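Reader: Hi! Could you walk me through this structure? I'm new to this.
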Amino acid sequence: MTDNTDTIVALATPNGVGAIAVIRLSGPEAITIANSVFKGKDLTRQASHTIHFGNIADGDLILDEVLVSLFVGPRSYTRENVVEVSCHASGYIIESIIKLFIKKGARSAKPGEFTLRAFLNGQLDLSQAEAVADLIASNSKASQQVALQQLRGGFSSQLKGLREQLVNFASLIELELDFAEEDVEFANRDQLKNLIHEITKIVGRLIQSFELGNAIKNGVNTVIAGRPNAGKSTLLNALLNEERAIVSHIPGTTRDTIEEVLNIQGINFRLIDTAGIREATDAIEQIGVQRTMEKISQSALLVYVFDAAEITIEDLNKDIESLQKPGVTMLVVANKADLLNPEQLAALPHTDRAIIISAKQKRHIDELKHKIYSSAVKDQLSGDETLVTNIRHLEALQKTEQALVRVLGGIDGSITSDFLSMDIKQALHYLGEIVGVVTTDDLLENIFSKFCIGK
Ligand SMILES: Nc1nc2c(ncn2[C@@H]2O[C@H](COP(=O)(O)OP(=O)(O)OP(=O)(O)O)[C@@H](O)[C@H]2O)c(=O)[nH]1
Ligand SMILES: [Mg+2]
């Protein structure tokens, strides 16, 4: 999909006016092309990792005063010769310099082509290359940390270890195939079984980590729902510490959903305030209620709010039962505690998932935030635990797991070495897909086309 003999060029910084823009060239001719338009030192004779001041000129016409950074391959991001020109960030100057480079033999880079080259030249494996995109897109401490860990190869080295152990066994079993007539067993079946169990456990843990990894990367959809007038909008405002939603004593105040992001300890929760659930009195309200139900089924977390001074225990139980959805964690929030006497307070449900607050008086809001956070994170965020954040990786891990289950079944059912070997190879194949030992043009196209140009 790519021709490595080309020298590519693109703007590496965002489009628009700014103090400085960086134009990047990569490829065999990067330094000679830059040198052909640079008025200053002879760039072809300078050491790698040096910076040079001078002018970029099209013939006699000076386009800009610039700084040129040199990276001589393979000591560069792409492992090719790389030149970065820092110029003044005017759209006109940027365009003129890029056009000049193209006139001198470079071509425009495709989206993600620099990182693709870094991958193809062995600077990064595929999961690390994907982490580059994640790092650029990260918008919270947790998502930045997870992407950085992946970029630094934490995930890759874990997978590499697993693959190496499997490769070992696969080759012993291959050997058995060569000696098929003699009926020998080079690969000890008990050892193989232990190994597969071990690997399955690690793969299973990685699969499980996706829930949190995904929450960290994409945020957690958190719906606030309940009957009209329960205090949902008051609660949204209290959580955000901002008068975002309209609050009134009239039931049915909120008609459409309202979404705001709340960051709790580095994780983004997308809070969605909804229309109160009841038999709607008009068509608009009915649409609102429908939308609420849709939002609940699309969310990971439901904060169910009820008016503790009003609701009956029957209605409460009915609500809780009818709002329970598979895959959606529910927190039960008793609101308006300020209106209750001690006996009424004591009669409220007391469970792990229940909490008593006063949204209006902002009481126990921090406690609720803590519950929201821990219901998403559970006890998984230990620090250096690898988290899977990428759906492609998740799918490959699931296929690996299935292949491993077949291997185990195969050993127990004493199937022949050639079938065993096939299943082990499958597991290896899917693990290899994650880091890019096994790739197809389609896969690469799919991954790198989502990058921005210049990355
Ligand atoms: N005493 C007391 N009143 C509260 C509390 N929370 C909300 N309220 C009042 O309850 C009424 C309804 O509050 P909202 O936040 O609009 O309720 P809602 O659940 O969003 O209602 P809808 O949007 O109509 O479904 C308002 O008069 C609030 O001031 C609380 O903790 N204590
Ligand atoms: Mg409301």
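Author: Happy to; we'll talk about the ligand and then the aromatic rings, and please keep in mind that this is a predicted model.

Reader: Cool! Where does ligand 1 sit?
Author: Ligand 1 sits in the largest pocket.

Reader: And how many residues surround ligand 1?
Author: There are 23 residues around ligand 1. The closest are Lys232, Thr234, Gly252, Thr253 and Asp338.

Reader: Nice. What does the side chain of threonine 234 do there?
Author: An N or O atom in the side chain of threonine 234 is 2.5 Å from an oxygen atom of ligand 1. The backbone joins in elsewhere: a polar backbone atom of serine 248 is 3.3 Å from a ligand 1 oxygen, and a backbone N or O atom of glycine 276 lies 3.4 Å from an oxygen of ligand 1.

Reader: How much of the accessible area of ligand 1 does the protein cover?
Author: On its own, ligand 1 has 650 Å² of accessible area, and the protein covers 92% of that.

Reader: Okay, switching to rings. How many aromatic pairs are there?
Author: The count is 3 aromatic pairs. One of them joins tyrosine 304 and phenylalanine 306, with 6.0 Å centre to centre and 25 degrees between the planes.

Reader: What kind of pair is that, stacked or edge-to-face?
Author: Tyrosine 304 and phenylalanine 306 are stacked, because planes under 30 degrees apart count that way.

Reader: Are those two residues buried or exposed?
Author: Tyrosine 304 has 0% relative accessibility, so it counts as buried. Phenylalanine 306 has 2%, so it counts as buried too.

Reader: Which residues do ring pairs link into a cluster?
Author: That cluster holds Phe119, Phe448 and Phe451.

Reader: Last one! Which residue lies over the face of phenylalanine 114?
Author: That's arginine 24, at 4.6 Å from the ring centre. There's also lysine 455 over the face of tyrosine 77, at 4.9 Å from the ring centre.

How values were computed: Residues are numbered from 1 along each chain as its sequence is written. Chains are lettered from A and ligands numbered from 1 in the order in which they are written. This is a predicted model: local features need pLDDT of at least 70, side-chain atom pairs count only at pLDDT 80 or more; totals for chains, interfaces and linings use all residues. Side-chain values use heavy atoms; hydrogens and water are left out. Rings of Phe, Tyr and Trp (its six-membered ring) pair if their centres lie within 6.5 Å; planes under 30 degrees apart count as stacked, over 60 as edge-to-face and the rest as tilted. Buried means under 20% relative accessible area, exposed over 50%, partly exposed in between (1.4 Å probe, protein chains only). A charge sits over a ring if NZ of Lys or CZ of Arg is within 6 Å of the ring centre and within 35 degrees of the ring normal. A residue is near a molecule or strand if one of its heavy atoms lies within 4 Å of it. A polar contact is a pair of N or O atoms within 3.5 Å; within protein, one must be able to donate a hydrogen and the other to accept it, and residues adjacent in sequence count only if both atoms are side-chain atoms. Accessible areas come from the Shrake-Rupley method with a 1.4 Å probe; for residues, only the protein chains shown count as cover. On a 1 Å grid over the protein atoms alone, a cavity is a set of points where a 1.4 Å probe fits but cannot get out, and a pocket is an open set with protein on both sides within 12 Å along at least five of seven lines; lining residues have an atom within 4 Å of a point. A molecule sits in a cavity or pocket if more than half of its atoms lie within 2 Å of its grid points.
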